[in-house]
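Hi,

Here is the structure I promised to pass on. Have a look at it first, and then read my notes underneath.

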Amino acid sequence: MASSGAVGPSPESRQEQFEQGVAISLHLWQSLTIAVQNNWGGADSSDKRDWLAGVVVDMFPSFVDLAAATTSTSTSTANNNTAQNGTKPKKLPEEPIAEEIEETLLQVMFDEFEANVDDQSEAEVADRIMKCRSQCAEGNFVLVEELRARWLDTKGKKIVAQAAADPNQDTDADTDSDDDEEDDGNNDVHMDDAPALVPVAPREKPEPQIDEDGFEKVSRRKR
């Protein structure tokens with residue numbers, strides 16, 4: 001007796017799961033989470049993270065479009081009517097490589113959050129996204145479910161990036177820091193090794209130059 005359950009998840013389900021995998025991967029990225037929590041991207045930092053998820057998703061061809069293109073090609077070949085209908089198939093983006101995703105993540109972090117990521121964590125995020133893509137293409141959502149469980153477990157907890165110790169600071173402060181840690185609430189997640197995330201320092205505005213008549217001189221910006 002033939003089994004009727006071998007079709008697998010629909011293209012729409014695979015696309016939805018992949019999009020969730022991308023979004024959750026970005027929410028689990030500590031460097032981005034710190035930038036959002038501290039509003040390094042402005043008041044709409046959280047929206048910028050959601051926008052970044054859409055940017056990454058759009059780098060890949062949609063599973064729905066891929067299925068439609070495959071069906072269209074098969075039907076056209078079977079009926080041999082390509083010349084008759086004259087329609088051109090929708091051009092889909094090629095599958096990106098992990099390095100392209102890494103570059104996109106770093107560029108958005110710099111442009112939108114004014115932060116440099118130097119801990120190579122973007123490579124881990126990109127690799128996770130690529131694995132989600134591969135599994136979702138096979139109708140396998142195990143990794144997405146694992147990421148979702150991790151996110152739900154940490155949802156609402158604030159990440160505290162601890163600064164490196166000052167070598168010139170007196171060691172007597174160690175006792176005070178221990179007491180502070182005991183007073184912290186359970187909602188804070190302390191990182192042993194804070195990500196090398198450095199906000200870009202704002203450029204200082206030069207002092208205005210006043211001429212002998214009391215008017216401000218206009219100077220060109222140096223590139």
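Let's start with Cys 136, which is buried, with a relative accessibility of 0%. Its closest cysteine sulfur belongs to Cys 132, and at 6.0 Å that is too far for a bond. Cys 132 is buried too, at 1% relative accessible area, and it takes part in no disulfide. A disulfide is a covalent bond between the sulfur atoms of two cysteines. With a cut-off of 2.5 Å between the sulfurs, the count for this model is zero disulfides.

Before you zoom in any further, keep in mind that this is a predicted model. The mean pLDDT of the chain is 75, and 58% of the residues reach 70 or more. Two stretches deserve some caution. Residues 1–5 have a pLDDT below 50, and they make zero contacts in the model beyond near neighbours in sequence. Residues 162–198 are also below 50, but that stretch has 40 contacts beyond its near neighbours. Where pLDDT is low, the predicted coordinates should not be read in detail.

Now for the charged side chains. Side chains of opposite charge can pair when their charged atoms come close. How many salt bridges are there in the model? The count comes to five, and here are some of them.

Take Glu 95 and Arg 133, whose closest N and O atoms are 2.7 Å apart in a salt bridge. Glu 95 sits in the loop between helix 5 (82–85) and helix 6 (98–113), while Arg 133 is in helix 7, so this pair ties together parts that are 38 residues apart in sequence. Is each partner buried or exposed? Glu 95 is partly exposed, with a relative accessible area of 42%, whereas Arg 133 is buried, at 5%.

Next, find Glu 124 and Arg 128, which meet in a salt bridge at 3.1 Å, N to O. They are four residues apart in helix 7, so about one helical turn separates them. Glu 124 counts as exposed, at 52% relative accessibility, but Arg 128 is buried, with 10%.

Helix 8 (residues 142–154) holds a pair as well: Glu 145 and Arg 148 are three residues apart there, about one turn of the helix. Their side chains form a salt bridge at 2.8 Å, N to O. Glu 145 is partly exposed, with a relative accessible area of 41%, and Arg 148 counts as buried, at 18%.

Then there is a charged residue without a partner. Glu 122 lies in helix 7, which covers residues 121–137. What is the nearest side chain of opposite charge to Glu 122, and how far away is it? That is Arg 128, at 12 Å, and Glu 122 has no salt bridge although it is buried. A salt bridge needs the nitrogen and the oxygen within 4 Å, so the 12 Å to Arg 128 does not qualify. Leaving aside residues up to four places away in sequence, Glu 122 touches Trp 29, Glu 102, Leu 105, Leu 106 and Val 117.

One last spot to click on is Ala 35, in helix 2 (residues 30–37). Ala 35 is buried, with a relative accessible area of 0%. Its C-alpha atom is 7.7 Å from that of Ser 45, a residue 10 places away along the chain.

Have fun exploring!

Conventions:
Residues numbered from 1 in each chain as written. Predicted model: local features only at pLDDT ≥ 70, side-chain atom pairs only at ≥ 80, totals over all residues. Heavy atoms only, no water. pLDDT = per-residue confidence, 0-100. Contact = heavy atoms within 4.5 Å. Buried < 20%, exposed > 50% of the residue type's maximum accessible area, 1.4 Å probe, protein only. Helix = DSSP H or I, 4+ residues; strand = E, 2+ residues; numbered from the N terminus. Lys, Arg positive; Asp, Glu negative; His and termini not counted.
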